[in-house]
Amino acid sequence: MIISILIMVYAIGQSYHLSSLILILAFGLFLNNADTIKYAWFRTIFLYKNLANDLSQLHQLSAESAFIIRTFFFVIFGFTMNIYELNDQNVLINGFLILLSIYIIRFAYLLIFKKQHVLPEGFVTPRGLISILLYYNLPAHMKLPEIGTAFLFMVVLGS
């Protein structure tokens, strides 16, 4: 039932041209915190006896299938990329500048708030599947011609 509702939330987001990924995130937050809502009418309608069991099974299913899903997205990303675009100087320079700014901001943030031992954490700036998903969800009229799959590849691989 939870997977059916998940698909329904995604379909509603797509039909109203909303960000379905944000709606799915909100749905996940709702599911994880449904037991903390104190309204009696909500508890009688949305909370049922096997909810914890169903959530546990959903968690197991998503954990076990996460590897396969990530693998397919990166394969699709590899299919759409032209490797010869990495020879373009603009892509290399812009990708390097973005990576440099990501690391400078990360180190500055850690120096301001952590103030000690920033070296191991400073290099942990993952950009991966979510960057690719957000790039592919952009409408064609909003995509910049200078930013293509080669640029995204540089930023994902460099971080």
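# A tour of two helices and two pockets

Colour the predicted model by confidence: in the protein, the lowest mean pLDDT belongs to helix H6 (residues 119-122), at 73, and the highest to H1, at 86. Across the protein, pLDDT averages 80, and 99% of the residues score at least 70.

**Stop one: H1 and H2**

Select residues 2-15 for helix H1 and residues 20-33 for helix H2. Two packed helices are described by the angle between their axes and the distance between the axes. Here the angle is about 145° and the axes lie 8 Å apart. Turn the view until one helix lies over the other; the crossing of H1 past H2 is right-handed.

Now show the side chains of the contact. On H1, pick Ile2, Ile5, Leu6, Val9, Tyr10, Gly13 and Gln14. On H2, the partners are Ser20, Leu23, Ile24, Phe27 and Leu31. Which kinds of residue make up this contact of H1 with H2? Nonpolar residues number 9 and polar ones 3, while no charged residue takes part.

**Stop two: the largest pocket**

Keep H1 and H2 on screen and add helix H4 (51-80) and helix H7 (129-137); these four are the elements that give two or more residues to the lining of the largest pocket. The pocket holds about 1,400 Å³ of space. To find its centre, select Leu6, Leu21, Ile24, Leu25 and Ile69, which lie nearest to that point among the 34 lining residues.

Which element gives the most to this lining? H4 does, with 10 residues. By type, the lining of the largest pocket has 24 nonpolar residues, 9 polar and 1 charged.

**Stop three: the second largest pocket**

Next, select Met1, Ile2, Ile5, Phe27, Phe30, Leu31, Ala34, Ile45, Phe46, Tyr48 and Leu51, which line the second largest pocket. About 240 Å³ of space lies in it. H1, H2 and helix H3 (40-46) each provide at least two of the lining residues, and H2 gives the most, with 3.

Colour this lining by residue type: 11 residues are nonpolar, and there are no polar and no charged ones.

Some side chains from the first stop come back here. Ile2 and Ile5 of H1 and Phe27 and Leu31 of H2 belong to the helix contact, and these four residues are also among those lining the second largest pocket. Leu6 and Ile24 belong to the helix contact too, and they are among the residues nearest the centre of the largest pocket.

Note on methods
Residues are numbered from 1 along each chain as its sequence is written. Side-chain values use heavy atoms; hydrogens and water are left out. Axes are lines fitted to C-alpha atoms, for helices over the stretch in contact, and angles run from 0 to 180 degrees between N-to-C directions. A crossing is left-handed if the near helix is turned anticlockwise from the far one by less than a right angle, and right-handed if clockwise. Contact means heavy atoms within 4.5 Å. Ala, Val, Leu, Ile, Met, Phe, Trp, Tyr, Cys and Pro count as nonpolar, Asp, Glu, Lys and Arg as charged, and the others, Gly among them, as polar. On a 1 Å grid over the protein atoms alone, a cavity is a set of points where a 1.4 Å probe fits but cannot get out, and a pocket is an open set with protein on both sides within 12 Å along at least five of seven lines; lining residues have an atom within 4 Å of a point. Grid points are joined across faces, edges and corners, and a volume is the space filled by probe spheres set on the points. pLDDT is the predictor's confidence in each residue, from 0 to 100.
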